[in-house]
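User: I would like to go through the surroundings of the ligand with you, asking at each step what a term rests on. Please begin with how the residue classes are set.

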Amino acid sequence: MIGEVLDPEHAAIAFEPSSKPVPVEERARLLADPGFGRVFTDHMAMIEYEDGRWSDARITARHPFTMDPASPVLHYAQEIFEGMKAYRRPNGGAALFRPEANARRFAKSAIRMAMPPLPEEMFLESVRGLVRADRDWIPDSKEGSLYLRPFMIANGSFLGMRPSTEFIYAVIASSVGSYFKSGSPVISLWVTRDYVRAAPGGTGEAKCGGNYAGSLIAQAEAVREGCDQVVFLDAVERRWVEELGGMNIFFVFDDGSLRTPPLDGTILHGVTRDSLIRLARDMGLEVREELYSIDQWRADAQSGRLTEAFACGTAAVVTPIGRVKGRDGEFSIGGESSGPVTQRLRTALVDIQRGTAPDPYGWTEPID
Ligand code: COI
């Protein structure tokens, strides 16, 4: 089987199947309640970069890396990643959602982090190949999907401060249920005042591990305050709402319009964010990509002008926000339940992703 090509049309990636796949009964047990990011599949994709070229593209058994302790990713965090999902279709098949958008963003993140951009077709082939190899790991459940995590790390052996010349690109896959623990369909946010996520000119819009590492202390603060997620304000005025620890944010007003922070260089260009803007506009809703201050947010929630707010992302999908807490007290939004606009957008998105509604945008890519 070694060297078998997964997609005869593109003939780009070799397949070396795992000699020890997880037994079927064990897989079924794991898929019954996978949680998020705990259950991993049998295979992974890998492509290596050296001497200025990408080579050895393969789908292989999932395995640990061996690396030199002076590998630059371990010291200077030259690393980027992506998050995307494959969904089970009503006909039993699988589909990806806007994989080209992830491929594009991955290449942009690479450039920002002084890494060689992976050709987008290689990114797509690696993801498609892994979904084909591990399609049985896609849960059938309503909330379930196969979360794909492409990433790239700097490899080598040196401690000088310079971009590496050796890289490992890999994709792993995890069978997931919902990101937030079930039982709490509405989340609460903690507004951190001590920490910022990104500053102008920094790496905020790159999907690099460092952004997430830097947010962990604030996320831990949120959890200590009894909240599900942290929300960051801008670094300069400490006034404008930017994004959450790992997801974008939208606000819904009593005239039916929506607002989301603009992509000003410090915010992740969320694929879900972009899809929701399109869906909302096509529903006839006005969407403004504009700054929104924490003080205005509180005032609008209290006056009833703000009726809903929600978090969105590949992992979070669309998750309503019910309560916001900060050092100046707390306020609730709507009835602390999922509002009609949030619900409508969530349903429209999820139905396209799962193939239970037509996809007029060409966003889904069936994997056969
Ligand atoms: C995603 O939504 O895919 C992310 O990368 C967020 C991460 C916190 C799980």
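Analyst: Ala, Val, Leu, Ile, Met, Phe, Trp, Tyr, Cys and Pro count as nonpolar, Asp, Glu, Lys and Arg as charged, and the others, Gly among them, as polar. The model to which these classes are applied here is a predicted one.

User: How do the residues of the shell around the ligand divide into nonpolar, polar and charged?

Analyst: The shell consists of Phe81, Gly83, Tyr147, Arg149, Tyr179, Lys207, Gly246, Thr314 and Ala315, and its residues divide into 4 nonpolar, 3 polar and 2 charged. Tyr counts as nonpolar and Gly as polar under this scheme.

User: What makes the approach of Tyr147 to an oxygen atom of the ligand a polar contact?

Analyst: An N or O atom in the side chain of Tyr147 is 2.6 Å from an oxygen atom of the ligand, and a pair of N or O atoms within 3.5 Å is a polar contact, so the term applies. For Lys207, a polar side-chain atom lies 2.7 Å from a ligand oxygen, while Ala315 places a backbone N or O atom 2.8 Å from an oxygen atom of the ligand. Of the 280 Å² of accessible area that the ligand has on its own, the protein covers 88%.

User: Which domains does the shell around the ligand draw on?

Analyst: The shell takes at least three residues from each of domain 1 (4-178) and domain 2 (187-354). The C-alpha centres of domain 1 and domain 2 are 28 Å apart, and their contact takes 27 residues from domain 1 and 22 residues from domain 2.

Conventions. Residues numbered from 1 in each chain as written. Predicted model: local features only at pLDDT ≥ 70, side-chain atom pairs only at ≥ 80, totals over all residues. Heavy atoms only, no water. Near = heavy atom within 4 Å. Polar contact = N/O pair within 3.5 Å; in protein donor to acceptor, adjacent residues only side chain to side chain. Areas by Shrake-Rupley, 256 points an atom, 1.4 Å probe, with all protein chains shown as cover. Domains from an automatic or database assignment. Contact = heavy atoms within 4.5 Å.
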